[in-house]
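Reader: I have a model open in front of me and would like to learn how to read it. Where should I begin?

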Amino acid sequence: MTFSAWVTAHYEEKGPVIWLAFFLELIAAVTLFLLMMLTCADVFGRYFLSNSVDGTTELTEMAIAIMVFAEMPVITWRGGHVVVDILDRMMGSTLIKILGLVAAFLMSTSLYFLAVRIFELAERSLRRSEVTEFLQFPTGYVVEYIAIMSWITAALMISYGVYRLLFLSRD
Amino acid sequence: MITALTGFAILLLIIVVIRVPIAFAMGLVGFFGFAYMQGLGFDNFMEFRWNGALSMAAKRVIDTSQEYGLSVIPLFILMGNLVTKSGLSHELYRASYAFLGHRKGGLSMATVVACGGFSAICGSSLATSATMAKVAMPPMRKYGYADSLATASIAAGGTLGILIPPSVILVIYGLLTETSIRELFAAGFIPGFIGILLYLAAVRYVVWRTPEAGPCGEKMEWPERLQALNGVWGVLILFSIVMGGIYLGVFTPTEAAGIGAGGAFLIALYRRSLNFGTLFDILTDTARTSAMLFSVLIGALIFSNFINRAGLPGDLLDLVNSLDVAPMVVILVILAIYIVLGMVFESLSMLLLTVPIFFPLVQSLGFDLVWFGIVVVVVTEISLITPPVGMNVFVLSAVLKDVKASTIFKGVTPFWCADIVRLILITLFSSISLFLPELLYR
Amino acid sequence: ETTLRVASWLPPTHPQNAIVWPTWSKWVEDATDGRVKVEIEYGLGHPKTMFELVEDGVVDVSWSYHGYVPGRFKLTQAVEQPLLGASAEAASVAHWRVHQKYFAKANEHEGLEVIGLFTHGPGQIHMVDPITSLADLKGKKIRLGGGVQGEIGERLGVTAVGAPAPKVYEMMQQGVIDGVFIPMGEQKSLRLKEVARNVVVLPGGMYMGSFAMFMNPDFLADLDPKDREAILSVSGEKLSAMAGRAWDQGDIAGLKAAEEAGVNITMVKPGDALDVEFNELTKGMDEAFYESVADRGVDAKAALTELRQIARSYK
Ligand code: NA
Ligand code: NA
């Protein structure tokens, strides 16, 4: 199977969104794998080489943020967030779709405005040259990344997410 | 009090009726509630200084998604996914089935014990539920167990380990109240094991009422049983590394998650059950589940900022203080408050919000703080499986996409009752908790 | 009547929450004839976040540890340098005065009204197993916070393990770490007396830890001028000294708790082998400090000299 065929077979998304989904998930997957290796290397180094990996804590913290926010657009447009479904049996599928639109609007708007503030905080942190303890890495970059990924999530939810909700839902 | 309760009501309305995802619903109610506490009204919507509330929410997003201690969530989920993919779960359950399958509800009982053991080590209820969902669910389905019983035994079993040391929650309680942590650890043992026994009884009760929920299988002979054991060495090694490493102090519970995932990766490699495609699937699946859990956690923290600012904890203390009743009744009122709060709160934020407020009162009434710690932790455990916001249940319905949260909530009721029985026992007979600490340290 | 909200962290029983904030609250309420009431709020997030929560008006007042925000606060490390040899109270007063005279103009606390600066008591060595010389620490797994103790740890050749302070107990009990550098008060408040059974007390300690208490400037500006003056009159050096004194009391309580629990405490006297070893070890750290703050445009050398002189001659 060619690489392109594998990706197409792997993702339920349509059109160019497939490649975006693959790219975002690739970032998350690689980060998570490196996080696992990092912890193992740190513990191994501490016991057998008497020297742990400097800044493991900082790298771990950054890795979680990178992984979580790389996945955020994908899980959001797929409707992967936890919903209380106690009343589903009493609601028709049309009503559920309408409520889905309301939720999509609320999620996108709130993420957009929140990300504006997150980005401002990132810039402030960079201006004050705040860095991590051991690696002296500017903390503002990770925060900027969180803001940008939140914007991407908001944009894709209100466009592709709504399209998917209206035309591609299974039922 | 009114403000906070209104907030609760609005939250319930928009998650249950409007069907807004919980993470965003809690975040939105928390955000606007907090802004309201800072003076937001309909008349000043345009000129309101939004930056305060926005910064509050933004900092929760920034800090929570970069919190070192939360790295256990993706890493233990990864370990569970790897264990499943390498086929170990099937062999583990073939072995369990060989020994317990001929009993009614036998696999559910095995699940409860396994969840208790696993969560005792990893110290995270959420991670246990996610891991064991992958490991325990397919075999139980294969043997015809009802989804409600199967998922409920995982969700409930996952709460057991909070009390069995090492326990992060007990350490936090100890630091909040300046109570001896090793006494707390010792005090947790017996109530923890009582929890396992009561859950086993709950399984028996379910299969007694509805035998088809947990059907019996064939009884196997000893040679077959021993042969079935052959397949489980991988899981045994992995679990021994994780458990032994923590107890011997080779690594912390947080690091154990990474080591466990690494070990599972090696086992999967050894068994040739991985290629790039399956590894990619496992990693992305883990990342998706984790991102979903982080969202809920962030939402819960924003919401708790609002509840805190609305003064609910202080009002509750005034309420309890104003009652002129016997000390034990005060305790029961406090427990009732915890159970109500537990419906909506995530366990850790509930503990952080309420313990600093209640413990001076409990102490002044002459109660033992070690005992109160165990009682409080049992109550917060219950909150993980009570509707409408039961984090363990959500983890399960996220991992098992075809099972609805309502199915799990329905199945979990007998376990919830077992927890209440345990809570009453521990509350009324303080020696259940205090026996070991007194024997060892006093 | 105005409500002034203080965001705090650490357990309510800690001296900062049991003594410092209640005392200051009383001062504020008395000085303003009850027009300003103080309320304390917990659980708002990580201590490092407090700087920004106050700046953005989420709460009115809070406190935090400068070392949690590396890069932003550098000058405040002056008070943390080894061999100060003073109590927390003396160090806090010196910290405040030197900040006002030398450091305030560098504006590291941009967006905040600083109402007090203080330090915790001297950091000491708390170990699971006894040590007889600092060389014994080489290769040992030690939990290190940031800043000056990180530098000392590096010079000692320890294997650094990073973790928040509340995790120390658990990690030590399990053997993940062999020891920690932390003030004496934590023998009681983090319950280290149960696990860190061997403590080495160097004369004057290894390092100090720099904290700030700060207020939202808009909140202050919105107050009636009379109340603003009243609040400022019970803050500053007066508040700094009181906070340092409370943390000293915490160390005394920690020492007492450790002694009662039978912890093996080695009191090193000036001139003892361990003291000489430590003095040797920290050579050149002053210069490294001047170097690190060269871009701040202040006379760091004069400031550190004056800080030591104030702290050592206090009372
Ligand atoms: Na545990
Ligand atoms: Na609940």
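Author: Begin with what the chains share. The model is predicted. The size of an interface is often given as the accessible area lost when the parts come together. Here chain B and chain A bury about 5,200 Å² between them, 76% of it on carbon and sulfur atoms.

Reader: Which three residues of chain B supply more of the area buried against chain A than any other three?

Author: They are Arg19(B), Phe24(B) and Phe280(B), which supply 14% of the area that chain B buries there. In terms of residues, 56 from chain B are in contact with 57 from chain A.

Reader: How many salt bridges are there between chain B and chain A?

Author: Start from the general idea. Side chains of opposite charge can pair when their charged atoms come close. Between chain B and chain A the count is one salt bridge. In a salt bridge, the side chain of Arg288(B) meets that of Glu25(A), at 2.5 Å from N to O. As for polar contacts, four residue pairs are counted between these two chains, both residues being at pLDDT 80 or more.

Reader: Which helices of chain B each supply at least two residues to the side that touches chain A?

Author: They are H1 (2-16), H2 (22-37), H3 (51-64), H4 (72-85), H13 (253-270), H14 (276-309) and H20 (405-428) of chain B. The largest share, 15 residues, comes from H14(B). Sorted by class, this side of chain B has 35 nonpolar, 14 polar and seven charged residues.

Reader: How do I read the interface of chain C with chain B?

Author: Take the same steps. Chain C and chain B bury about 2,900 Å² between them, with 51% of it on carbon and sulfur atoms. In this interface 34 residues of chain C are in contact with 34 residues of chain B.

Reader: How many salt bridges are counted between chain C and chain B?

Author: The count is four. In a salt bridge between the side chains of Arg49(B) and Asp222(C), the N to O distance is 3.8 Å. There are also nine residue pairs in polar contact between chain C and chain B, both residues at pLDDT 80 or more. On the side of chain C that touches chain B, the elements giving two or more residues are helices H2 (50-55), H5 (168-174), H6 (186-189) and H7 (217-222) of chain C. H5(C) gives the most, with five residues. By class, this side of chain C divides into 12 nonpolar, 10 polar and 12 charged residues.

Reader: What about two helices within one chain?

Author: Look at the angle, the distance between axes and the residues that meet. In chain B, helix H7 (residues 125-142) and helix H19 (residues 391-399) pack at an angle of about 30 degrees, their axes 9 Å apart. The crossing of H7(B) and H19(B) is right-handed. Among the residues that meet are Ala130(B) and Ala133(B) in H7(B), and Val395(B) and Leu396(B) in H19(B). The contact of H7(B) with H19(B) has seven nonpolar, three polar and one charged residues.

Reader: How many salt bridges does the structure hold over all chains?

Author: Over all chains it holds 37. One to look at is in chain C, where the side chains of Arg296(C) and Glu108(C) meet at 2.8 Å, N to O. Arg296(C) lies in the loop between helix H11 (285-292) and helix H12 (300-312) of chain C, and Glu108(C) in the loop between helix H3 (88-103) and strand E4 (113-120) of chain C, so the pair ties together parts that are 188 residues apart in sequence.

Definitions and conventions
Residues numbered from 1 in each chain as written. Chains lettered and ligands numbered in written order. Predicted model: local features only at pLDDT ≥ 70, side-chain atom pairs only at ≥ 80, totals over all residues. Heavy atoms only, no water. Contact = heavy atoms within 4.5 Å. Buried area = accessible area lost by both parts, 1.4 Å probe. Polar contact = N/O pair within 3.5 Å; in protein donor to acceptor, adjacent residues only side chain to side chain. Helix = DSSP H or I, 4+ residues; strand = E, 2+ residues; numbered from the N terminus. Nonpolar A, V, L, I, M, F, W, Y, C, P; charged D, E, K, R; others polar. Axes fitted to C-alpha atoms, helices over the stretch in contact; angles between N-to-C directions. Left-handed = near helix turned anticlockwise from the far one by under 90°.
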